[in-house]
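This briefing is for a reader who is meeting the structure for the first time. Please look at the sequence and the model below, then read on by topic.

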Amino acid sequence: MSDTTDSPRPEPAQVEAEVFARWEEAGVFRAREDVEGAESFSVAIPPPNVTGALHMGHALNGSIQDALVRLNRMRGKNVRWTVGTDHAGIATQTKVEQALVAEGTSREELGREAFVARTQEWRQQYGGTIIGQFRRLGCSADYEHERFTMDEGYAQAVLKVFVDLYEQGLIYRDTYLVNWDPGSRSAISDLEVEDREETDTLFQIAYPLKDADASADGVTELVVATVRPETMLGDVAVAVHPEDERFKHLIGRTVLLPFVGRELPVIGDDYVKTDFGTGCLKITPAHDPNDFEIGHRHGLEQLNVIGEDGRITGGYAPQFEGMTTAEAREAIVAALREQGALRAEEPYTHTVPFSQRSGQRIEPLISLQWFMRMDELAQPAIDAVKDGRVRIHPESQQRRYIAWLEEIRPWVLSRQLWWGHQIPVWYRGDETYCGVEPPEGEGWERDPDVLDTWFSSGLWPFATLGWPEGTPELRAFYPTSVLSTARDILFLWVARMVMLGLRFADDVPFRDVYCHSVIQAPDGRRMSKSLGTGIDPLALMDGGPRPAVFAKKKGADAGEFPAYGADAVRFGLLAMSSTQDVRFSEEKIAQGKQLVTKLGNAVRFAAGRLGDADQAVAAAGVSGADLPTRLEDRWIVSRTERIARETAARIDEYDFAKAALGLYDFVYGELCDWYLELVKGREAATDADLSRTLAWALRRTLQIAHPVIPFATEEAWASIPGTSGLLAASLLPAPDDGLLDPEAEERLARVIDAITTVRSWRNGANVPPGPILPARLEADGYDDEATTLIARLARLQPTDEAGDAVPVAIPGGQVAILAGEHVDPAAERARVEKRRAEVEGQIASTEKRLGNEQFVSRAPAEVVAAERAKVEALREELRTL
RNA sequence: GGGCGUAUAGCUCAGUUGGUUAGAGCGCUCGCUUCACACGCGAGAGGUCACUGGUUCGAGUCCAGUUAUGCCCA
């Protein structure tokens, strides 16, 4: 593609901002207040992280939701698209803490109250970024109802849900081995953990056997294998496989823990793999999930030796106390080496859990946390999907949803943060109080923890509509119509919303769930900021750096994206999203830009023509009861009606790629390449059918393209006769079967075929495209109207003149192009011979198929008939050659 | 280790319930200053449908297996 930056065209950023302002001034995006009666269509955006900036997934999801929302608004539905952000506990707190450190202070120094105030301030200042970016994309959300998961009313809803679930016994406090994230100094949920391959060292450590002399077998020690020697201070046993011939006789004996001298029983457990390491496993229930399980089975104690600060604690070995885990590992290994207890060190590659929040390695810790029991909530959420009250698209994602819910585990709700919904529980001595309002009396201390951000996000579809108040909004817009989301939050969010919606709002939170594509980088993996494979959608819309991996030629300087504009980005993203995993394709974005330009030019052409026409006539339009008479008019009317229906149906079916690409094909391949060319011989000033058909076709095209490319279509709208007000607020006409005209479609298809064939012949025969050639049309099925169209676009002069001519086969016969300056029948002979050989070959192969007894008797009659017809047509062509 | 997906033109993707000669956009080639548009118009070249076997008159499409690759869960 050539560079666009030096073109005189206005920047999309400016044009699109003006159009957006018109929509907002007119209040097009506002849900109507007179909610009674009107069918509603409501969407709750998956709330993005308040600290975030728009990434490709957001941009795709925004394009999808807006296409759905705009289509349904044009259907006359009362549309409510709720946007907003979640408070992103860890992410936001981290941001603000970083700022504090830069200022030479800390949250501890500030104190909780001041810190929360400071964070609120931060959010006021920077939290609007991503919503502004959705506006830039053209998203027609109801911004006046923007919500935040820590709004006052929302916070009340969160507390009420917590208190209710607590009173119902679903929320409880317990000790558990949690995923401790030393980076954010908080427990995080299983879903926030990601496993990565790491190469560590596997150490072998000798634990001396107690009473070694007492046994006759000569065994004096057991050697355990571990990658985390620093946890050994918390060891409570050594396990071997109960069938292991080497060790099974030692079960029941005791070994002594180095440094500490603790007596550890040797136990048998078939979790131990005999072929891994030494076959002896040290058991540290407080710091390893598997050991935790084994410890449970054998009734072992849990000894905490790593504190929440990631330092050695517990006082079992004073020389290591207070060291970080890394320091302790080094010191312990050194000490063991000195004692001669270190028997081997070898590199070992394994998967290690990391925090998605802070990027730090997870430290499994025993701690007291708030939990939510999920089993009781899961079943109704499974049923809702199984019986179709919630439909998940594509269907494959439904199985993932059900599978996850069937194996659901308790949810760790508490986070050791200050930014978030503080748990509404107070303690006084042995007393515990849980309530939306603080307890009466003196001496109560509130639980310092806050709730997992997803707990509050789970209430989003109804809490944004004013729940627990029975507001008119809630009645009008709950359940929401559809949730469009990235599939990686199917569990984090979707499943939890279904559970909480059913429990608290008496119905499913949405009727449909659409899991959109993941747009991948050229390496076939999801775009990643840290790998430099992410694209900023703003850079695509308004110009900006193109990441190196997206260089158009490998190794070349990647340069900058041209300013494609929001329409092009929307089109491109939708056109890309055909399957669940797709590669990013800048060509699709460019295609969107081309469509926008092409449509703009078509409108310019049409508006110019229609300027001469009687405006009332042009505005009148067409209907099934009042069709134009000419072939090309009836054809475009029929084709436009079809594409309008198809596009809407494809959006309804969440087939956005086909909707977008189908629009492109229609605008290029039918409207512009054919209809506008076919009518160039006519005058709108004197041709009422032309002016009303042309204006109608353009109006309908702008309407059906609007959900995909809203800005360009809105800009063009006013220049077509018969429009009033804003396109975004216009209503789609009801489907009209009378507009469909299969006969006109078929007749014009033959005209197109004939024109293309003649053009192709010219090209192959080295006949220049310009000159008008005299020709005899010797074919059935072309009336005067069709003949005129063919003659004009194929640049032929129909004649009855006899004489030497070159035959060009078209459906139903041939065009005989008379010999002349550009046409030499003699030179054409070779070409005709080549074609004759081709046709003969095809006849032979088709006849062979028809000669096959099995084919004729077993294939369906219509297939056989089609083959026979094909032979006939080929024989016909052969005769003309 | 288990589950799910993907593999079709140089690139990104279509390809209905199996049925003519497997399509599109971009890129490439050739031609065109055709009065809306060179971000254009017209015409082309380009494919062992990952591999192996099977079912069938007929397989890109259905079945089994293999390979590559991605995602999710453990």
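The side chains of Thr-105 and Glu-109 are joined by a polar contact of 3.5 Å. The model that shows this contact is a predicted one. The points below start from Thr-105 and go on to a second buried loop residue, two sheets, some backbone details and the surface near RNA strand B.

**Thr-105 and its surroundings**

- Thr-105 sits in the loop that links helix H3 (89-102) to helix H4 (107-110).
- Its relative accessibility is 19%, and therefore Thr-105 counts as buried, the limit being under 20%.
- Apart from residues up to four places away in sequence, Thr-105 touches Leu-100 and Leu-110.
- Between the C-alpha atoms of Thr-105 and Arg-831 there are 86 Å, and the two residues are 726 residues apart along the chain.

**Lys-77**

- Lys-77 belongs to the loop between helix H2 (56-74) and strand S2 (78-82).
- Lys-77 counts as buried because its relative accessibility is 18%.
- The contacts of Lys-77, with neighbours within four places in sequence left aside, are Arg-32, Glu-39, Ser-40, Phe-41 and Asn-72.
- With Asn-72, the side chain of Lys-77 makes a polar contact of 3.0 Å.

**The sheet of four strands**

- Four strands form an open sheet in the order S10-S11-S9-S12, and the pairing is mixed.
- At its edges are strand S10 (254-256) and strand S12 (280-283), each of which pairs on one side only.
- On average, and with direction ignored, neighbouring strands of this sheet are turned by 30° against each other.
- Three bridges pair S10 with strand S11 (residues 263-268) in the antiparallel sense.
- Thr-254 has Pro-265 in S11 as its bridge partner.
- Helix H8 (residues 289-298) lies across S11 and S12, and H8 runs at about 85° to S12.
- The loop between S10 and S11 holds Phe-259.
- Phe-259 is not a glycine, yet its phi is positive, near 70°.
- With a relative accessible area of 22%, Phe-259 is partly exposed.

**The sheet of three strands**

- Another open sheet has three strands in the order S19-S18-S20, with antiparallel pairing.
- Strand S19 (431-434) and strand S20 (445-446) each have a single partner strand, so one side of each has no neighbour in the sheet.
- S20 and strand S18 (residues 425-428) run antiparallel and are joined by two bridges.
- Tyr-427 has Glu-445 in S20 as its bridge partner.
- Helix H7 (residues 152-167) lies across S18 and S19, at about 130° to S19.

**Backbone details elsewhere**

- The peptide bond between His-393 and Pro-394 is cis, with omega about -10°.
- Pro-394 is in the loop between strand S15 (391-393) and H11.
- Tyr-478 and Pro-479 are also joined by a cis peptide bond, with omega about -5°.
- Pro-479 lies in the loop between helix H14 (472-477) and strand S22 (480-486).
- Arg-795 is not a glycine but has a positive phi of about 55°.
- The loop that holds Arg-795 runs between helix H25 (784-793) and strand S29 (796-798).
- Arg-795 counts as partly exposed, at 37% relative accessibility.

**The surface near RNA strand B**

- Around RNA strand B there are 51 residues, of which Arg-583, Lys-598, Ser-760, Arg-858 and Lys-870 come nearest.
- By class, this surface has 21 charged, 18 polar and 12 nonpolar residues.
- Sugar or phosphate accounts for 63% of the RNA strand B atoms within 4 Å of the protein, and bases for the rest.
- Ser-578 has a polar side-chain atom 2.6 Å from a phosphate oxygen of RNA strand B.
- For Lys-588, a polar side-chain atom is 3.2 Å from a base oxygen of RNA strand B.
- For Gln-591, a polar side-chain atom is 3.0 Å from a sugar or linking oxygen of RNA strand B.
- Elements that give two or more residues to this surface include helix H11 (395-406), strand S27 (581-583), helix H18 (586-611) and helix H28 (861-880).
- H18 gives the most to the surface near RNA strand B, with 11 residues.

How values were computed:
Residues numbered from 1 in each chain as written. Chains lettered and ligands numbered in written order. Predicted model: local features only at pLDDT ≥ 70, side-chain atom pairs only at ≥ 80, totals over all residues. Heavy atoms only, no water. Pairing = 2+ DSSP bridges. Axes fitted to C-alpha atoms, helices over the stretch in contact; angles between N-to-C directions. Contact = heavy atoms within 4.5 Å. Near = heavy atom within 4 Å. Polar contact = N/O pair within 3.5 Å; in protein donor to acceptor, adjacent residues only side chain to side chain. Nonpolar A, V, L, I, M, F, W, Y, C, P; charged D, E, K, R; others polar. Buried < 20%, exposed > 50% of the residue type's maximum accessible area, 1.4 Å probe, protein only.
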